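Colleague: I am new to this structure and would like a close look at a single part, the salt bridges and the places they connect. Please take me through them slowly and define the terms as you go.

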Amino acid sequence: MSSVNEAPDHFKQAPDGTTYAGDHLLIELWDAEGLGDVDVVEQAIESAAHAASASILHAYYHHFGAGQGVSGVTVLAESHISIHTWPERGYAAIDVFMCGDCDPTLTISAFEAAFRPRTIEQRLLRRGTPPSADIQSVA
């Protein structure tokens, strides 16, 4: 019988040797298309997950009605991809959090192809690094 500590934890290792939980990519799409179509949104997330070699476990998407946005999440064995859209503004907020061998930056081309945004902004965070003095906790 193996202990919990013997199971792989799927933490990542940076080139500098730092070990951390995973990469969290925050993506903002501006002047994008198809953001009010739940089928387009779900297919985009599925394509993005496959592009990053992630394993899809479950997906849930909610459409707020005609002309309105979509919120949803796809749970991955490697973590998750979530999206919130505002089609009336051509804006989408996407979170891609992945551990293990998956690379969240590989999802961007799927989002570009599905939504054809004019502008994409992205921020990549390392999650699960030791606490740092320059990060404030929210009480």
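Modeller: What follows starts with the chain as a whole, turns to the salt bridges, and then visits a few further residues.

This is a predicted model, in which local features need pLDDT of at least 70 and side-chain atom pairs count only at pLDDT 80 or more, while totals for chains, interfaces and linings use all residues. Residues are numbered from 1 along each chain as its sequence is written, and side-chain values use heavy atoms, with hydrogens and water left out.

The secondary structure of the chain comes to two helices and eight strands, where helices (H or I, at least four residues) and strands (E, at least two) are DSSP runs numbered from the N terminus. Read from the N terminus on, the elements follow the order β-β-β-α-β-β-β-β-α-β. The chain has 139 residues, of which 36% count as buried; buried means under 20% relative accessible area, exposed means over 50%, and partly exposed lies in between, with a 1.4 Å probe and protein chains only. The accessible surface of the chain comes to about 8,400 Å², and 51% of this belongs to carbon and sulfur atoms, the areas being taken from the Shrake-Rupley method with a 1.4 Å probe and, for residues, with only the protein chains shown counting as cover. Among contacts (heavy atoms within 4.5 Å) between residues at least 6 apart in sequence, 58% join residues at least 24 apart.

Now to the part you asked about. The structure holds four salt bridges, a salt bridge being a side-chain nitrogen of Lys or Arg within 4 Å of a carboxyl oxygen of Asp or Glu. Side chains of opposite charge can pair when their charged atoms come close. One of the four joins the side chains of lysine 12 and aspartate 23, at 3.3 Å from N to O. This pair links distant parts of the chain, with lysine 12 in strand E1 (residues 12-13) and aspartate 23 in strand E3 (residues 22-30), eleven residues apart. Lysine 12 has a relative accessible area of 10% and is therefore buried, and aspartate 23, also with 10%, is buried.

Strand E3 takes part in another salt bridge, in which glutamate 28 meets arginine 123 and the closest N and O atoms are 3.6 Å apart. Because glutamate 28 lies in strand E3 and arginine 123 in strand E8 (residues 119-127), the pair ties together parts that are 95 residues apart in sequence. Glutamate 28 counts as buried because its relative accessibility is 18%, whereas arginine 123 has a relative accessible area of 46% and so is partly exposed.

A further salt bridge runs between arginine 116 and glutamate 33, whose closest N and O atoms are 2.7 Å apart. Here the distant parts are two loops: arginine 116 sits in the loop between helix H2 (108-115) and E8, and glutamate 33 in the loop between E3 and H1, 83 residues apart. With 53% relative accessibility arginine 116 counts as exposed, while glutamate 33, at 40%, counts as partly exposed.

The loop between E3 and H1 also holds aspartate 31, which is partly exposed because its relative accessibility is 42%. Phi of aspartate 31 is near 55°, a positive value in a residue other than glycine. Most residues other than glycine have a negative phi. Serine 79 likewise has a positive phi, of about 140°, without being a glycine; serine 79 is placed in strand E6 and is partly exposed, with a relative accessible area of 22%.

In strand E6 (residues 79-86) there is also serine 82, which is buried, as its relative accessible area is 12%. Apart from neighbours within four places in sequence, serine 82 is in contact with Gly72, Val73, Ala93, Ile94 and Asp95.

Last comes helix H1, which spans residues 38-51 and includes glutamate 46. Glutamate 46 has a relative accessible area of 32%, so this residue is partly exposed. Serine 47 lies in helix H1 too, and at 29% relative accessibility serine 47 counts as partly exposed. Between serine 47 and serine 109 there are 9.4 Å in space, C-alpha to C-alpha, although the two are 62 residues apart in sequence.
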